[in-house]
Amino acid sequence: MFLTIGTTGTPERPATDLGFLLHKHPDKAQAFSTSHGSAHVFYPEASAERCTAALLLEVDPVALVRRGKGRGGAPDAALAQYVNDRPYAASSLLSVALAAVFKSALGGVCRAMPERAASPLPLRIEVPALPARGGAELVRKLFAPLGWSRVEVTAVPLDEEFPAWGDSRYVRLVLEGELRLADALRQLYVLLPVLDDAKHYWVAPDEVDKLLRAGEGWLADHPERPLITRRYLSHRWGLTRQADQALELVRLAESDDLDVGCVDNAVDESTDTEEKPVPLAEHRRTAILDALRAAGASRVLDLGCGQGQLVQALLKDVRFTEIVGVDVSMRALTIASRRLKLDRMGERQADRVTLRQGSLTYTDKRLAGYDAAVLSEVVEHLDLPRLPALEYAVFGAARPGTVLVTTPNVEYNVRWETLPAGHVRHGDHRFEWTRAEFRDWAGQVAERHGYTVRYEPVGPDDPEVGPPTQMAVFTRATETGTTTEKKAKEAEAA
Ligand code: SAH
């Protein structure tokens with residue numbers, strides 16, 4: 001198991017500084033004993049212009065099999081592969097060795113040259129045999145968003161002399177770019193076992209912390225985050241969920257800062273019929289309040305309530321007797337609580353409102369039994385693969401009588417003069433839908449969960465591109481009839 005880390009330099013900033021950053025002297029070959037064999041660090045080249053460090057792990061199959069004995073004393077079958085076809089592949093064992101041998105470098109610590117450790121270096125990393133469960137395409141998807149200027153993935157043939165046998169499960173990976181050494185090492189530490197997808201050791205709960213630490217600065221926002229957390233934590237659902245929630249908080253804390261630039265909250269100048277232009281956000285609140293009143297709702301969930309503007313508007317109308325705002329962002333909730341002056345509110349008012357932190361992609365029993373739920377400008381903040389989880393939590397588990405979903409209509413974007421062509425309205429929008437796409441999604445959701453759905457335009461309805469915001473009003477089909485019938489049948493059968 002083998003990988004190399006190289007850099008280039010100048011007489012003033014020699015490449016051999018890499019030795020300081022890795023805490024391993026370029027003139028020495030060093031060996032370390034790890035729990036699975038010995039790790040060697042040596043430098044195939046070390047000059048001022050070019051310096052390359054190699055990490056090689058020699059697996060000790062006997063130790064591995066001994067350590068790998070399952071609870072019943074039998075050798076773990078998953079380990080078998082390490083003692084036959086894999087001595088050269090960069091598996092999760094190499095990741096463990098990397099963390100052990102380059103611990104300080106992984107943490108970005110370098111007393112001798114702190115500023116070099118903190119700044120990007122021209123790096124070249126090569127992993128000659130990388131297990132790639134998911135294929136070369138997945139390897140590219142994992143490394144491409146991480147700041148490398150070159151990500152080269154080449155299939156490794158099963159046997160060079162017999163090309164007809166096809167490719168092996170391994171690829172050769174070359175990464176080049178200007179990155180901090182610590183960031184590059186942390187990416188490898190997480191992504192080697194992800195690509196291996198067969199951890200050789202028992203995944204303990206502290207793996208979540210390790211993942212969060214190693215993922216700092218790049219994982220929360222990674223488009224393949226769900227796959228990375230799931231595989232890194234060996235598909236252990238409870239741990240994956242923990243990591244996902246923590247990462248979601250990180251991502252949102254980061255994206256909170258983007259809210260300022262959200263075009264959606266800008267003044268809508270196209271409503272020239274009115275004296276004073278009405279902000280689109282206000283159009284949206286009016287449309288939502290009207291729909292809630294029309295549905296006769298009094299106990300309402302505001303899911304993804306953000307900074308609490310809708311909660312505030314709901315409080316002004318006494319027909320809304322119970323209002324629950326839920327958001328994953330603590331920062332947004334703090335602002336909401338300040339806006340509502342929750343701490344100075346009279347008891348009667350305070351009894352009507354609750355703000356709660358939670359992620360909408362997980363079911364929450366406390367959200368069941370409400371008249372209505374609002375998802376105002378929320379769905380587009382979720383990665384598309386997470387949308388089914390939100391769908392289930394809201395329509396499948398909480399099942400309010402009415403659900404209102406608003407989202408931008410991407411067709412309208414051409415009417416925003418300040419929005420460059422092809423851009424979404426907000427830096428954190430994961431997607432924006434056309435009217436047809438939104439209806440397609442909403443129609444399927446309604447059908448899957450026993451709701452009917454209609455659509456309403458929000459804001460000036462342009463004859464060509466439609467309104468700036470689109471709203472779906474879902475109404476739960478009455479279940480009483482069918483339930484009664486079912487009960488009657490059950491009684492009969494009994
Ligand atoms: N509903 C408000 C805020 C929209 S911004 C309005 O219409 O103005 C989107 C909000 O959704 C943010 O506050 C964000 O923190 C929240 N959000 C995004 N993903 C979430 C999730 N998985 N769980 C709960 N809230 C989420």
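Is G396 buried, exposed or partly exposed, and what is its relative accessible area? In this predicted model, G396 comes out as partly exposed. Its relative accessible area is 22%, and because buried means under 20%, G396 does not count as buried.

As for where G396 sits, its place is in helix α15, the stretch covering residues 387-398. Leaving aside residues up to four places away in sequence, G396 touches E391 and H449. The pairing with H449 spans quite a bit of chain: G396 and H449 are 53 residues apart in sequence, yet their C-alpha atoms are 6.2 Å apart in space.

Now for the ligand. There are 16 residues around the ligand, and G304, G306, D327, L360 and S376 are the ones that come nearest. Sorted by class, the shell is a mix of six nonpolar, seven polar and three charged residues.

Some of the contacts to the ligand are polar ones, and those described here involve nitrogen on the ligand side. S359 brings in its side chain, with a polar atom 3.4 Å from a ligand nitrogen. V328 uses its backbone instead: one of its N or O atoms lies 3.3 Å from a nitrogen atom of the ligand. L360, already listed among the residues that come nearest, also takes part through its backbone, where a polar atom is 2.9 Å from a ligand nitrogen. On its own, the ligand has 570 Å² of accessible area, and the protein covers 87% of that.

Definitions and conventions:
Residues numbered from 1 in each chain as written. Predicted model: local features only at pLDDT ≥ 70, side-chain atom pairs only at ≥ 80, totals over all residues. Heavy atoms only, no water. Near = heavy atom within 4 Å. Polar contact = N/O pair within 3.5 Å; in protein donor to acceptor, adjacent residues only side chain to side chain. Areas by Shrake-Rupley, 256 points an atom, 1.4 Å probe, with all protein chains shown as cover. Nonpolar A, V, L, I, M, F, W, Y, C, P; charged D, E, K, R; others polar. Helix = DSSP H or I, 4+ residues; strand = E, 2+ residues; numbered from the N terminus. Buried < 20%, exposed > 50% of the residue type's maximum accessible area, 1.4 Å probe, protein only. Contact = heavy atoms within 4.5 Å.
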